[in-house]
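Student: Please pick one part of this model and take me through it closely. I would also like to see how that part sits in the whole.

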Amino acid sequence: MTSLLLGFQTFIEEPFLFVLLTLGIFVGMVFGAIPGLTAALGVSLVLPFTFAMTAHQGVVTLLGVYVGGISGGLVAAILLNIPGSPASLVTCFDGSPMARNGRPNDALTLGVFASLIGGLFSALMLVLIAPQLAKIALKFGAWEYFAMGIMGLSVVISLSSASKLKGFLSALVGLLIATVGIDTVSGVPRMTFGFWQINAGLDQLAVLMGLFAMGEILTQLRSLGQEYEAIPVSKVKTFPTKEMLKGTGKIFAIGSIIGTFIGILPGIGQTTASLFAYTTSRQTSKHPEKFGTGIPEGIVASESANNACCGGAIIPMLTMGIPGDLVTSILLGGLVVHGLQPGPLLFQTSLDVVGVVFVAFFLANIIMYIMEMGLMKIFIKLLAVPMNLLFPVILLMCVVGTITVHNRLFDTWVLLVIGFIGYMLSSNGFPLSPIVLGYILGGIIESNFRTAIIASKGSFSILFTRPIAMGLLAFAVIMVVVPMILEKRSKKKIVSEA
């Protein structure tokens, strides 16, 4: 309650925060609505512009872009059958068929309303769970943080790729990127190749913008000349009717709960959350055969889950300094830039910032709904913007944003090289999530492991006296082993049936 009151007090004392939040949401929706421009890309491009802001202003702006970007993807998913952002991939399953069946207005109304409900539910869970989780995290030592890092990597490896080997190799690439620079324990330069500019490690903004922005630009160049034709829309209802919402109550609950829970797991993200919620809703439905034909339940399941995932992903970022998804990994960098260290101590040293995050995320979902419904015609027109005009501007923003951090041109080479590496890996089926999480968690895993080993004089026996660490490592093993067992069983079943 104290943090919430501080958050509301800050918004009242600084009314400019409302302006920045609204502007951030609009920018996020633009990036979400246009295919190829994602929420992660929007947050990474806006991040350099927040350096001159206060911590409150920077956090509020980035949260607005985050919420707007995730929700905005449903416009292209429904009208073009192309997800504006990866989070809206599952929305295509029923959103596009409903639009083609002559109900694009209903599909858009349902999608935006489901986004609102999922977002508000996760905002409530953020307020209730984050402070309690922070109390538990205060009991964490080096072994616990090491185990938490390993668990985060194991979860994202097991769920982010059809090939576990490629997921594992992607995580190794991220860990290798994290080792660049002078070793904090021994003081020995590692993988610097004679470049003194990276003795302190690769700049986080350059790495993240390279993986997200440059990688996305290179990927989208394949379809640079492609033209999109959206399904025409007349007038969108402000709220869905009772007939449209009939039978969706359970689906709202399933999507919101699953989305929040998966968001808390490090590095999974909205696509997995919406796919899991969609599958669960279909399995528990009285008419599963109608899923994929354009029914409201499919849209509700996807959009409530991917927006609920946002609030869930913020929880581990605030309480433990571990991002819940790709976008929160960039938000994490934004907090660090403003002199804030995400983790349990944030709830003691910067309770006002925590309160601002709580209130901003809650308000962002409400403003998102009002703005998206009111400006839907504008977002639909954005689908016709040619990408060959957008990408040069985005590339320029990437370069300028990277240079402004340390005022040196060398970081643009980091941006280009990392972007090319990320593009080559993703083009060959290597998932991006383990690379990003491996880079973010690499320092946490290594430093805490070495600290724990030094403190225990080289003995691993102390690990077995730490129940939380052992529980996290056990969960990590389960997340890797169980999917492999299920995959082997499914292959045997297919062979036996053949």
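**A helix pair and its surroundings**

Tutor: The protein has 21 helices and two strands; these are DSSP runs numbered from the N terminus, with helices being H or I over at least four residues and strands E over at least two. This is a predicted model, in which local features need pLDDT of at least 70 and side-chain atom pairs count only at pLDDT 80 or more, while totals for chains, interfaces and linings use all residues. Residues are numbered from 1 along each chain as its sequence is written, and side-chain values use heavy atoms, with hydrogens and water left out.

Let's look at α4 (residues 55–79) against α16 (residues 351–374): their axes are 9 Å apart and meet at an angle of about 35°. Those axes are lines fitted to C-alpha atoms over the stretch in contact, and the angle, on a scale from 0 to 180 degrees, is between N-to-C directions. The crossing of α4 over α16 is right-handed, that is, the near helix is turned clockwise from the far one by less than a right angle. From α4, the contact (heavy atoms within 4.5 Å) takes in His56, Val59, Val60, Leu63, Val67, Ser71, Gly72, Leu74 and Val75. Facing them from α16 are Asp352, Val353, Val356, Val357, Ala360, Phe361, Ala364, Asn365, Met368 and Glu372. By type, these contact residues are 13 nonpolar, four polar and two charged. Here Ala, Val, Leu, Ile, Met, Phe, Trp, Tyr, Cys and Pro count as nonpolar, Asp, Glu, Lys and Arg as charged, and the others, Gly among them, as polar.

Val75 of α4 deserves a closer look. Beyond its neighbours within four places in sequence, Val75 touches Ala33, Leu80, Leu108, Glu372, Met376, Phe379, Ile380 and Leu383. Val75 is also one of the residues with the most contacts inside the largest nonpolar core, alongside Phe11, Tyr66, Ile314 and Leu318. That core has 142 residues, and α16 gives the most to it, with 15 residues. A nonpolar core is a set of buried Ala, Val, Leu, Ile, Met, Phe, Trp, Tyr and Cys residues joined through side-chain atoms within 4.5 Å; buried means under 20% relative accessible area, exposed over 50%, and partly exposed in between, using a 1.4 Å probe and protein chains only. In general, nonpolar side chains of soluble globular proteins tend to be buried together. Another core lies apart from the largest one and has seven residues, including Ile258, Ile262, Ala277 and Ala305.

One further residue links to α16. Lys237, in the loop between α9 (204–220) and α10 (242–245), touches Asp106, Thr109, Met244 and Met373, leaving out residues up to four places away in sequence. Lys237 counts as partly exposed because its relative accessibility is 35%. Asn105 is 132 residues from Lys237 in sequence, yet their C-alpha atoms are 7.0 Å apart.

Now for the whole. Of the 498 residues, 57% are buried. Among contacts between residues at least 6 apart in sequence, 80% join residues at least 24 apart. The C-alpha trace spans about 70 × 60 × 50 Å along its principal axes.
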